[in-house]
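Dear colleague,

I am handing over the structure we spoke about, and below it I have set out what was found. Please read the notes with the structure open beside them.

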Amino acid sequence: MIKHNLLDIEGTTAPIAFVHQILFPYAKKHIVTFLKDYQFTEVKWEEIRLEFEKDIVLREEKFVSRFSKGETNSKSELLSFSPEIVPSYFEYLIEKDRKFGPLKEVQGKIWKQGYESGEIKSTVYPDVPEFLKKTQEDGIQNHVYSSGSVEAQILIYQYSELGDLRNYFVSYYDTAVGGKREKQSYENIAKELKSSPNQIRFFTDIVEEAEAASAAGMDVVILNRPGNIPQKPHSFPVWDHF
């Protein structure tokens, strides 16, 4: 029945440690320099402003301490949004691992520079290439669905230590189709693939994502890779490897 594999990246085909210990620090290190020359569209500026103002309302402790005009306490007056704040604000969002579109866009472009310069090589689990090759030979199409931008997804597979794996994938999806814990997102992907959901198998390491995909009618497998975050009890199949 399965005609499509839909694969998450972090904790599924690539170690969580690669993303958090290599990619995120690299983006954080270069973000100030990169943003000096980067031009956001008016729509993106508005999106960033709204996200910043949402954090003002939440008044999370780390946010207050970083963006306060005065003393760092619950009564501190916070800075107003301005372009000058954006580099520091993006550093904060990286630390929070916030799934925020404009940040993901910038991170992808910073990582592209790192990959092309040879500073970054992506780590992919060693069983991934053979799995992709075998499923492709069996007539199953492979696709990616990750919270990272499509550009960032392609780079991970293009510049992997195990070689360029892009030929094994047909399409890539990011949160432009919807959040990964939302049923509608998986329905949107099935529609894009012109496929019945029960012909798609979704691979992930997060139970909430698995629940959303299952609610949309997809077959689901949860990967239990070394270093993955322990999940709440569930009834989905669990694979230690492909």
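**Notes on the model**

R59 is found in the loop between α2 (42-58) and α3 (61-67), and I begin there because, in this predicted model, the residue is partly exposed, with a relative accessible area of 32%. The phi of R59 is near 50°, which is a positive value in a residue other than glycine. K194 likewise is not a glycine and has a positive phi, of about 55°, and its place is in the loop between α8 and β4. Since the cut-off for exposed is over 50% relative accessible area, K194 counts as exposed at 78%.

**The chain as a whole**

The chain contains 9 helices and 6 strands, and its C-alpha trace spans about 60 × 40 × 35 Å along the principal axes. For 242 residues a compact globule would be expected to have a radius of gyration near 18 Å, and the value of 19 Å found for the chain agrees with that. Of those 242 residues, 49% count as buried. If one takes the contacts between residues at least 6 apart in sequence, 67% of them join residues at least 24 apart. The area that the chain exposes comes to about 12,300 Å², of which carbon and sulfur atoms supply 51%. As for charge, there are 30 positive and 37 negative side chains, and the centres of the two sets lie 1 Å apart.

**Helix α4**

How many of the 11 residues of helix α4 (residues 86-96) are buried? The number is 8, so the helix is largely enclosed by the rest of the structure. The residues concerned are V86, P87, Y89, F90, E91, Y92, L93 and I94, and they pack against α1 (16-35), α2, α3 and α5 (101-117). Two of these partners, α2 and α3, are the helices on either side of the loop that holds R59. After α4 comes D97, whose phi is positive, near 55°.

**Helix α6**

In helix α6 (residues 128-137) the buried residues are V128, P129, F131, L132 and T135. They cover an arc of only 165° around the axis, which means that they lie on the same side of α6. On the other side of that helix, E130 and E137 are exposed. The buried residues of α6 pack against four strands, namely β1 (4-7), β2 (141-145), β3 (169-173) and β4. Just after α6, G139 takes a positive phi, here of about 85°.

**Helix α9 and E209**

Helix α9 (residues 207-215) has V207, E209, A210, A212 and A213 among its residues, and these are buried. What covers them includes α8 (183-192), β4 (200-204) and β5 (219-223), while the helix is followed by G217, whose phi is positive, near 105°.

Is E209, within helix α9, buried or exposed? With a relative accessibility of 9%, E209 counts as buried, because the cut-off for buried is under 20%. Leaving aside residues up to four places away in sequence, E209 touches D8, K180, R181, Y186, F202 and T204. You may wish to view this set of contacts together with the position of E209 in helix α9.

**V177**

The last residue I would point out is V177, whose place is in the loop between β3 and α8. At 17% relative accessibility, V177 counts as buried. When residues up to four places away in sequence are not counted, V177 touches Y145, S185, N188 and I189. V177 can also be set against F131, which is one of the buried residues of α6: the two are 46 residues apart in sequence, and the distance between them in space is 26 Å, C-alpha to C-alpha.

With kind regards

Methods. Residues are numbered from 1 along each chain as its sequence is written. This is a predicted model: local features need pLDDT of at least 70, side-chain atom pairs count only at pLDDT 80 or more; totals for chains, interfaces and linings use all residues. Side-chain values use heavy atoms; hydrogens and water are left out. Helices (H or I, at least four residues) and strands (E, at least two) are DSSP runs, numbered from the N terminus. The radius of gyration is taken over C-alpha atoms; the globule rule is 2.2 Å times the number of residues to the power 0.38. Buried means under 20% relative accessible area, exposed over 50%, partly exposed in between (1.4 Å probe, protein chains only). Contact means heavy atoms within 4.5 Å. Accessible areas come from the Shrake-Rupley method with a 1.4 Å probe; for residues, only the protein chains shown count as cover. Lys and Arg count as positive and Asp and Glu as negative; His and the chain ends are not counted. The place of a charge is taken as NZ of Lys, CZ of Arg, CG of Asp or CD of Glu. The arc is that of the directions from the helix axis to the C-beta atoms.
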